[in-house]
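Student: I would like a close look at one part of this model. Please take one strand, then one loop residue, and walk me through the surroundings.

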Amino acid sequence: MLPLLSLAAERASRYVESLGERPVAPNGRAVTELTRFDIPLQDQPIDPRDVIAELDAGITPATMAMPGPRFFGFVIGGSLPAGLAADWLVSAWDQNTGLYNSTPGTSHIEQVALRWLLDVLGLPADCAGAFVTGTTVAHITALAAARHAVLQRVGWNVEADGLFGAPPITVVVGEEAHPTLLKALGVVGLGRKRIVRVPTDRQGRMRADALPRLSGPAIVCVQVGNVNTGASDPVRHICDDAHAQGAWVHVDGAFGLWARVAPSRAHLVDGVERADSWATDGHKWLNVPYDNGIAFVRDGDALRASMAITAEYLPTTTPQRNPSDYTPELSRRARGVTVWAAMRSLGRSGLAELVERNCRQARRFAEALTDAGFEVLNDVVLNQVLVAFGDADRTRKVIAAIQQDGTMWAGETVWQGHTAMRISVCSWMTTDEDVERSIEAIYRLTGARDHAAQSPVSSSA
Ligand SMILES: Cc1ncc(COP(=O)(O)O)c(C=O)c1O
């Protein structure tokens, strides 16, 4: 194995080391040449080293430098070195981490990772947790527990009897809820449309004064970290109000929950520990490799009731925690290992520094873009910046020019009717110099300030 794994390690580290300098977007030719893979499967085996070489030669040039320091699209973290290397070990161990008895090592370390997460995120220490693929599945997991609990209170066993004929559940979401939350609601049978939508303010925060009166089974879904603005719902107020009315509160904290670890940002999510369940990502701000999400549920019995199974052939009996008692999957990769490794390597101070730094860098972007006369559309409180370069047409042209230039990458959005570029700063790799280099590229491409003469995207274009 050593020559093969060394070959993979060599090629992978060459890739990681190229991230700082390679154009962020893949070039068109590399993408066109992907068709070389469109061949029928051959009859005979091929040497694994040739397989790896073929992959590297054809796919590496067609990758987006997502884990690199100047990728600011969507909300995407990089891969911390310890997390990336731990991920390789996880693959080598190949532990189906569903049951403690058969995979004690990885099951155990996942428990530790969960404890550490609850600690740094300031959530109740006795919460149950589940490592899943991302926030979407963390929503599904937590909402299944919520559905169980609110129906159990009115004497309905949803796992046994399903939702046919069940007492209706009122589901409340903000106007700005992330579409994956709506998808999760659909998957757990609560419906994407039969929800009560609460109006939001100019930053996308749910208006606490507009929360409807609730009675009977109810789930209120709040958001910390709007995907466009980074703003958080007034979660303390909503939790208190919803709990007084007997509702379950679920939090979409895909990236915003990590504000908790940064002393200067923690106030943005004040009171979030009062909720009943939380969904977040490891692959965003914790910078572990894809894919990695986490669900936390205060009422562990509700989560186990919705997820646990037994079977004669499965060694489920153990005083320890069986990971699959908490997850939609029985067979599963030990995703908590990379979380453990990332946290172990960063420590509390490293984690706080990462989030603080990215937030400071987002503010630097906002300041430079405002100075250049562009309109920053959001209050830059966290790591998200929305900037318009003029009308929609001009903004789209600038975004296309930025993406093509390759110094950095950011995507497009429409925020409250305005087309904008979204800059999301979320990577451990991003240095202040990367931010300055990106600002310089934006100035150059827009002709801002003293770069006007060089502008390939003129205002009249
Ligand atoms: C607020 C919010 N919720 C949910 C998600 C979905 O997360 P994932 O893609 O990890 O499922 C995102 C992704 O950006 C997000 O920003």
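Tutor: Here is a strand with its partners, followed by a loop residue. This is a predicted model, in which local features need pLDDT of at least 70, side-chain atom pairs count only at pLDDT 80 or more, and totals for chains, interfaces and linings use all residues. Residues are numbered from 1 along each chain as its sequence is written, and side-chain values use heavy atoms, with hydrogens and water left out.

Start with strand 9, residues 384-388. Helices (H or I, at least four residues) and strands (E, at least two) are DSSP runs, numbered from the N terminus. In strand 9, 5 of the 5 residues are buried, so the rest of the structure largely encloses it. Buried means under 20% relative accessible area, exposed over 50%, partly exposed in between (1.4 Å probe, protein chains only). In a regular strand, side chains alternate between the two faces of the sheet. Here both faces are covered: Q384, L386 and A388 lie on one side, V385 and V387 on the other.

Now the partners. Two strands pair if DSSP finds at least two bridges between them. Strand 8 (residues 375-376) pairs with strand 9 in the antiparallel sense, over 2 bridges. V376 stands opposite V387 there. Strand 11 (residues 418-424) also runs antiparallel to strand 9, joined by 4 bridges. V385 has I423 of strand 11 as its bridge partner.

Next, the loop residue. K284 sits between strand 6 (277-281) and strand 7 (293-297). K284 counts as buried because its relative accessibility is 15%. Its C-alpha atom is 5.1 Å from that of I76, 208 residues away along the chain. Leaving aside neighbours within four places in sequence, K284 is in contact (heavy atoms within 4.5 Å) with V75, G77, A254, F255 and C426.
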